[in-house]
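Subject: Structure handover

Hello,

Here is the structure you asked for. My notes follow below it.

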Amino acid sequence: MPLKFGVHIPTCIEGMMYPVPFARPSDILPTAVLCERLGYDSVWGNDHMTTQRYVQREFPQPPNFYEPLITFSYIAARTTKLRMATGIIVLPMRGIPVLAKQVATLDQLSGGRVILGVGTGAYREEYEALFPDAKNVHRGTIVDEGMRALRLLFTERRATFRGTYVHFEEIECFPKPAQNPLPLYAGGNHPEVRRRAGEYAEGWMPAVLSPEEIKRGIEDIHRYAAKAGRDGSKIDVAPQFAVSIGRTHEEAGKRFHASQLYKHLESLKNATLREQTGGFEQRNLIGSPEEICERIRIYVEAGVTTLSGMLFVASSVPEMQEAIELFGREVIPNFT
């Protein structure tokens with residue numbers, strides 16, 4: 001199977017991965033159409049509801065966060081092959097039956113092109129802003145229950161779920177998704193995410209891991225899958241990376257270190273990336289097209305099957321689109 005490539009398009013990325021302001025509504029569809037034309041498999045979007053405190057401190061105006069599922073419905077109507085993936089939907093912020101209805105509808109309208117990546121979310125402060133009376137809630141449990149509940153809603157005629165946090169009775173959720181199964185991806189770097197991927201999911205979406213960490217993660221996933229009676233080799237290994245591509249290594253490195261995305265990765269050192277050691281340069285795709293191709297080959301040998309939601313380093317949408325095009329023309333053809 002050829003390696004698949006996905007691009008993170010502007011949904012909820014201002015202030016974290018990119019400056020404020022960054023993308024206008026009119027920038028989103030042309031970026032997706034460009035990706036489809038260049039042979040990318042998918043576009044990915046993340047999920048935020050309110051501004052993080054460190055972003056509030058840095059920028060005088062708030063970022064625009066475009067809700068990913070509504071954004072994808074817009075893209076689905078103007079594309080034909082491009083898959084649309086959430087990277088990630090933050091399950092603790094979502095009502096599970098309503099989310100199931102939205103995703104199934106989008107999958108039907110798009111002709112079966114949805115991937116639902118889910119996770120806990122990097123910022124607990126955001127969850128507590130939405131649910132100030134739920135400070136002692138264990139968000140990981142919500143994700144576990146939510147993934148199991150979503151599968152019931154996607155497959156059963158009448159679904160009932162009674163969990164600690166997710167609870168609904170006798171729901172008929174129709175239409176069902178066009179895909180059976182609709183691909184669920186477990187997103188995040190916590191060890192529990194590997195368990196979820198092995199037990200429930202069609203894919204594993206960690207962030208900025210080294211090839212060695214990917215290998216160890218795959219071993220964990222295969223063990224959990226075997227215990228659950230599943231074939232771990234069928235689980236898509238879909239890590240996310242920052243991409244700083246330039247004509248030379250020096251140009252690409254300089255762009256990466258000067259970027260808002262670099263600052264965002266720094267902000268995650270005590271959260272999503274807290275278990276990592278070593279520099280970001282060894283965990284992302286930074287360099288000339290030739291250097292990036294060689295780096296990708298190492299990840300493929302480690303077991304990667306999809307490069308999900310690649311974040312192209314840029315300070316403006318035209319710069320991002322230029323990098324997407326350079327990668328599409330000079331990197332992707334080497335892996336098809």
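The lining of the second largest pocket mixes classes: twelve residues are nonpolar, five are polar and five are charged. Keep in mind throughout that this is a predicted model. The volume of this second largest pocket is about 450 Å³. In total, 22 residues line the pocket. Nearest its centre are Lys4, Lys234, Ile235, Asp236 and Thr305. Two elements, helix H8 and strand E9 (236-237), each give at least two residues to that lining.

Next, the enclosed space. How many cavities of 30 Å³ or more does the count give? The count gives one. The volume of this largest cavity is about 50 Å³. Its lining is made up of His48, Val90, Met93, Thr120, Gly121, Ala122, Tyr123, Glu126, Tyr127 and Arg139. Sorted by class, that lining holds five nonpolar, three polar and two charged residues.

Now the cysteines. A disulfide is a covalent bond between the sulfur atoms of two cysteines. The search covered the whole structure and found zero disulfides. Cysteine 12 is in no disulfide, and the nearest cysteine sulfur, in cysteine 35, is 17 Å away. Is cysteine 12 buried or exposed? Cysteine 12 counts as buried because its relative accessibility is 1%, and the cut-off for buried is under 20%. What keeps cysteine 293 from forming a bond? The closest cysteine sulfur, in cysteine 35, is 17 Å from the sulfur of cysteine 293, so it is too far for a bond. Cysteine 293 has 4% relative accessibility and therefore also counts as buried.

One helix deserves a look. Helix H7 spans residues 191-200 and is mostly covered, with seven of its ten residues buried. Which residues of H7 are the buried ones? They are Val193, Arg194, Arg195, Arg196, Ala197, Gly198 and Tyr200. What do they pack against? Two helices are among the partners, H6 (139-155) and H8 (211-227). Strands E7 (184-187) and E8 (203-205) are partners of these buried residues as well. H8 turns up again here, since the helix also supplies residues to the lining of the second largest pocket.

Last, the backbone. Most residues other than glycine have a negative phi, and most peptide bonds are trans. Please check these spots in your viewer:

- Glycine 87 to isoleucine 88: this peptide bond is cis, with omega near 5°. Isoleucine 88 sits in strand E3, residues 83-90.
- Asparagine 180 to proline 181: this peptide bond is cis, again with omega near 5°. Proline 181 is in the loop between strand E6 (167-171) and E7.
- Glutamate 170: phi is positive, about 50°, although the residue is not a glycine. Glutamate 170 is part of strand E6.
- Valine 208: phi is positive, near 40°, and this residue too is other than glycine. Valine 208 lies in the loop between E8 and H8. Its relative accessibility is 4%, so valine 208 counts as buried.

Best wishes

Conventions. Residues numbered from 1 in each chain as written. Predicted model: local features only at pLDDT ≥ 70, side-chain atom pairs only at ≥ 80, totals over all residues. Heavy atoms only, no water. 1 Å grid on protein atoms, 1.4 Å probe; cavity = no way out; pocket = protein on both sides within 12 Å on 5 of 7 lines; lining within 4 Å. Points joined across faces, edges and corners; volume = space filled by probe spheres on them. Nonpolar A, V, L, I, M, F, W, Y, C, P; charged D, E, K, R; others polar. Disulfide = S-S within 2.5 Å. Buried < 20%, exposed > 50% of the residue type's maximum accessible area, 1.4 Å probe, protein only. Helix = DSSP H or I, 4+ residues; strand = E, 2+ residues; numbered from the N terminus. Contact = heavy atoms within 4.5 Å.
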